[in-house]
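Student: I am new to this structure. Could you show me how to read its features, one at a time?

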Amino acid sequence: MRGKRRAAFIVTALLMTAGLTGCGENQIPDLSEDEIRAVGKYVAVTMMRYDINHRSRLMELTDPVLEESAGEQVPEEPSGMPPVDDTPVVDTTGTGEEEVPDAAYEPEEVMALPAGVEVAFQGQELCDSYPAGGDYLSLNASEGKKLLILHFTLTNKGSEEQAIDMLASGTAFHVTVNESYTRRALTTMLLEDLSTYMGTLPAGESADTVLAIEVSGEMAENISALSVEVKNGDRTSAEQLF
């Protein structure tokens with residue numbers, strides 16, 4: 001209950017702040033479409049963060065390591081009988097053929113995107129602050145680090161407009177740099193954040209979205225490989241970007 005009261009307080013404070021902006025003239029201030037979207041997204045994320053039935057995915061830029069370097073891991077000894085090279089493959093199909101694992105999911109399937117909507121990687125950039133303009137929704141790197149911004153487009157190739165709500169999908173994105181450094185993408189208040197993107201995409205139109213992680217200044221100077229893992233429930237998709 002304390003969390004819900006805190007969420008209600010934050011939302012109320014936000015609305016009061018908006019109202020006070022024009023109190024001199026006793027008028028409700030005019031908001032642009034982007035500002036309305038920003039307020040709506042803030043309310044949605046805040047309520048989900050403090051909902052006792054929803055595990056928050058909001059995190060600070062100092063997100064802990066989710067996967068350490070392979071050189072720092074010490075494999076555990078397996079229990080039971082040691083494996084042998086001539087262990088036969090058990091036929092569970094009854095057809096005399098070896099069982100073939102299920103095909104990997106496409107990113108769009110894991111993200112539960114509407115039919116006809118596709119996601120495509122467009123490139124990456126390194127910066128101290130994103131976006132460069134530095135508005136009130138900008139994201140800043142921690143001291144001594146850089147932001148690695150991955151750019152993606154969501155394209156509606158269908159004949160009808162589609163509503164996209166990544167915030168409610170529960171999809172998690174993990175970015176791996178140089179095959180050894182893995183971080184979960186930061187959940188931000190950026191309107192174009194792919195992990196929380198909400199909007200309606202007309203037929204034939206595209207939306208620019210991003211994922212962000214932090215890397216050290218040294219790593220930023222030598223990025224030779226980049227991949228993204230998309231996970232949602234028991235579905236996973238991994239893609240090597242370069």
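Tutor: Start with the contacts. This is a predicted model. Among contacts in the protein with a separation of 6 or more, 73% join residues 24 or more positions apart.

Student: How many helices and strands are there in the protein?

Tutor: The protein has five helices and eleven strands.

Student: What share of the 242 residues is buried?

Tutor: Buried residues make up 32% of the 242. Then look at the surface. The protein exposes about 15600 Å². Carbon and sulfur atoms supply 51% of that area.

Student: Now the interior. Which residues have the most contacts inside the largest nonpolar core?

Tutor: They are Met-111, Leu-150, Leu-154, Phe-173 and Val-177. This core has 29 residues. The elements that give two or more residues to it are β1, β4 (145-156), β6, β9 (206-216), α5 (217-220) and β10 (226-232). Apart from it lies another core, of nine residues. Leu-139, Leu-147, Leu-190 and Ala-212 are among them.

Student: Let me follow one core residue. What does Met-111 touch, leaving out residues up to four places away in sequence?

Tutor: Met-111 touches Val-119, Leu-154, Met-166, Ser-169, Thr-171, Phe-173, Leu-194 and Val-230. Two names there, Leu-154 and Phe-173, are also listed with the most contacts inside the core.

Student: Next, the sheets. What is the order of strands in the open sheet of three?

Tutor: A general idea helps here. In a regular strand the side chains alternate between the two faces of the sheet. In this structure the order is β1-β4-β9, with antiparallel pairing. β1 and β9 are the edge strands, and each pairs on one side only. From one strand to the next, the twist averages 20°.

Student: How many bridges join β1 to β4?

Tutor: Ten bridges join them, and the two strands run antiparallel. For a place to look, find Val-117, which stands opposite Asn-156 in β4.

Student: What joins β10 to β11?

Tutor: Six bridges do, and these strands also run antiparallel. β11 covers residues 235-240. Lys-231 stands opposite Thr-236 in β11. β10 and β11 form a hairpin with two residues between the strands. In that hairpin, Gly-233 takes a positive phi near 65°.

Student: How should I read a phi value?

Tutor: Most residues other than glycine have a negative phi. A positive value in such a residue is therefore a feature to look for.

Student: What is phi of Ala-112?

Tutor: Phi of Ala-112 is near 55°, a positive value. Ala-112 lies in the loop between α3 (107-110) and β1 (117-127). Ala-112 is exposed, with a relative accessible area of 56%.

Student: Where is Asn-178?

Tutor: Asn-178 is in the loop between β6 (172-177) and β7 (181-184). Its phi is about 55°, positive although Asn-178 is not a glycine. Asn-178 is partly exposed, with a relative accessible area of 23%.

Student: One last feature, the peptide bond. Which kind joins Tyr-130 and Pro-131, cis or trans?

Tutor: The general idea is that most peptide bonds are trans. The bond between Tyr-130 and Pro-131 is cis, with omega about -5°. Find Pro-131 in the loop between β2 (129-130) and β3 (139-140).

How values were computed: Residues numbered from 1 in each chain as written. Predicted model: local features only at pLDDT ≥ 70, side-chain atom pairs only at ≥ 80, totals over all residues. Heavy atoms only, no water. Helix = DSSP H or I, 4+ residues; strand = E, 2+ residues; numbered from the N terminus. Buried < 20%, exposed > 50% of the residue type's maximum accessible area, 1.4 Å probe, protein only. Core = buried A, V, L, I, M, F, W, Y, C linked by side-chain atoms within 4.5 Å. Contact = heavy atoms within 4.5 Å. Pairing = 2+ DSSP bridges. Axes fitted to C-alpha atoms, helices over the stretch in contact; angles between N-to-C directions. Areas by Shrake-Rupley, 256 points an atom, 1.4 Å probe, with all protein chains shown as cover.
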